[in-house]
Amino acid sequence: MDHSGHGMMTDLPPFTLGRGLAWSADPFFLVACLLGLALYGCGVLRLTRRGDKWPVGRTVSFVVGVLSVALMMCTKLNDYGMVMFSVHMVQHMIISMVSPILLLLGAPITLALRALPPAGRGRKGPRELLLMLLHSRYMRIITHPAFTIPLFIASLYALYFTPLFDFLMGSSAGHIAMMVHFLAVGVVFFWPIMGVDPGPHRPGYLMRMLELFAGMPFHAFFGIALMMASAPMVGTFENPPASLGIDALSDQNAAGGIAWAFSEVPSVLVLLALLFQWYASEERRARRSDRAAERDGDRELAEYNAYLASLNARG
């Protein structure tokens, strides 16, 4: 494959979905995806062998999340994404807004905490180090909305509308770093909002919804800015290879439409997940109250009735 400035691939034929889904593995992401699946599988296997249950839905969600990353980075979509703004935007949106949601619903940290053995008194093993990280000041900072929301927004505007994007796209290492950044930003943004795993910042459900919708309008504005532009705005995609047979401005408009659409779809999915978690939480709370009432003979209700009776006697 021939390469020119910004890592452009000059001999790609016109894009079709079939060509985009052809195998073309990025070694870094291929190894990372296989390692992630292997570690998760080992955790589930360890729980199963000792007789503990692990929800199948979580396993399915995590596997699909990893496969979504592999689909973006280990097929020709990654090659076309180097020269077509629209395909790159699909990569960005999936890796930053779909893959993190699926991975988080897989609860990998909870699985690790249940599967890893304690190191023993006075010693620190992987489980203890993970717990230390979860309770660290660093984790409190990077999962706080004052950090996650600006970071989520800056990953669009400060990247695409500055020379930083062209610099990163100019090398394989820079491109990998950018995609890892997209995934990490998605994880830290969605983790406090709808993640199943424990975390240092976990507000109430209403506040989580507000956090979700605080960042989404900026995604829509970004997409609209690309769609309304009268000239190419990103240097990397200004001169697509002639073999693709595309117009740079039309491709940029398509990229803007994709960014705009993804400000809506994942929001709905996360909102549904939040509402389901909220309902499940209320159900668990109701069951705990019922069990407590059975244990103490509904003492709380009896005390309330006695209080009402005392007020009536005073009247």
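# Reading a predicted model, feature by feature

Me: I found M207 in helix α12. Is M207 buried or exposed, or something in between?

Reply: Good place to start, and do keep in mind that this is a predicted model. The label depends on relative accessible area: under 20% is buried, over 50% is exposed, and partly exposed lies in between. M207 has 45%, so M207 is partly exposed.

Me: Which residues join M207 in the nonpolar patch on the surface?

Reply: Nonpolar side chains tend to be buried together in soluble globular proteins. Here is a patch that sits on the surface: L206, M207, L210, V268, L272, L275 and W278, with about 680 Å² of accessible area together. Helices α12 (205-228) and α14 (265-296) each give at least two of its residues, and α14 has the largest share, with four.

Me: And what about the inside? Which residues touch the most other members of the largest nonpolar core?

Reply: That core has 73 residues, and the ones touching the most other members are F85, M89, Y160, F165, F190 and M194. Helix α11 (residues 172-194) brings the largest share of the core, twelve residues. Try clicking on Y160: setting aside neighbours within four places in sequence, its contacts include F85, H88, M89, F165, F182 and F222.

Me: How many salt bridges does the whole structure have?

Reply: The general idea is that side chains of opposite charge can pair when their charged atoms come close. A search of this structure finds two such bridges. In one, D52 meets R50, with N and O 2.6 Å apart. Both partners are partly exposed, D52 at 29% and R50 at 45%.

Me: Where do D79 and K76 lie?

Reply: D79 and K76 make a salt bridge too, with their closest N and O atoms 3.7 Å apart. They both lie in helix α4 (residues 76-80), three residues apart, which is about one turn of the helix. Look at the surroundings as well: D79 is buried, at 8% relative accessibility, whereas K76 is partly exposed, at 23%.

Me: How many disulfides does the structure hold?

Reply: Zero. To read this feature, look at the distance between cysteine sulfurs, since a disulfide needs a pair within 2.5 Å.

Me: Why does C33 not bond with C74?

Reply: The sulfur of C74 is the closest cysteine sulfur to that of C33, but the gap is 5.5 Å, so they are too far apart for a bond. You can also compare how cysteines are placed: C33 is buried at 9% relative accessibility, while C42 is exposed at 52%.

Terms used: Residues are numbered from 1 along each chain as its sequence is written. This is a predicted model: local features need pLDDT of at least 70, side-chain atom pairs count only at pLDDT 80 or more; totals for chains, interfaces and linings use all residues. Side-chain values use heavy atoms; hydrogens and water are left out. A nonpolar core is a set of buried Ala, Val, Leu, Ile, Met, Phe, Trp, Tyr and Cys residues joined through side-chain atoms within 4.5 Å. Buried means under 20% relative accessible area, exposed over 50%, partly exposed in between (1.4 Å probe, protein chains only). Contact means heavy atoms within 4.5 Å. Patches are made of residues with over 30% relative accessible area and no salt bridge: like charges are joined within 9 Å, nonpolar side chains (Val, Leu, Ile, Met, Phe, Trp, Tyr) within 5 Å. Accessible areas come from the Shrake-Rupley method with a 1.4 Å probe; for residues, only the protein chains shown count as cover. A salt bridge is a side-chain nitrogen of Lys or Arg within 4 Å of a carboxyl oxygen of Asp or Glu.
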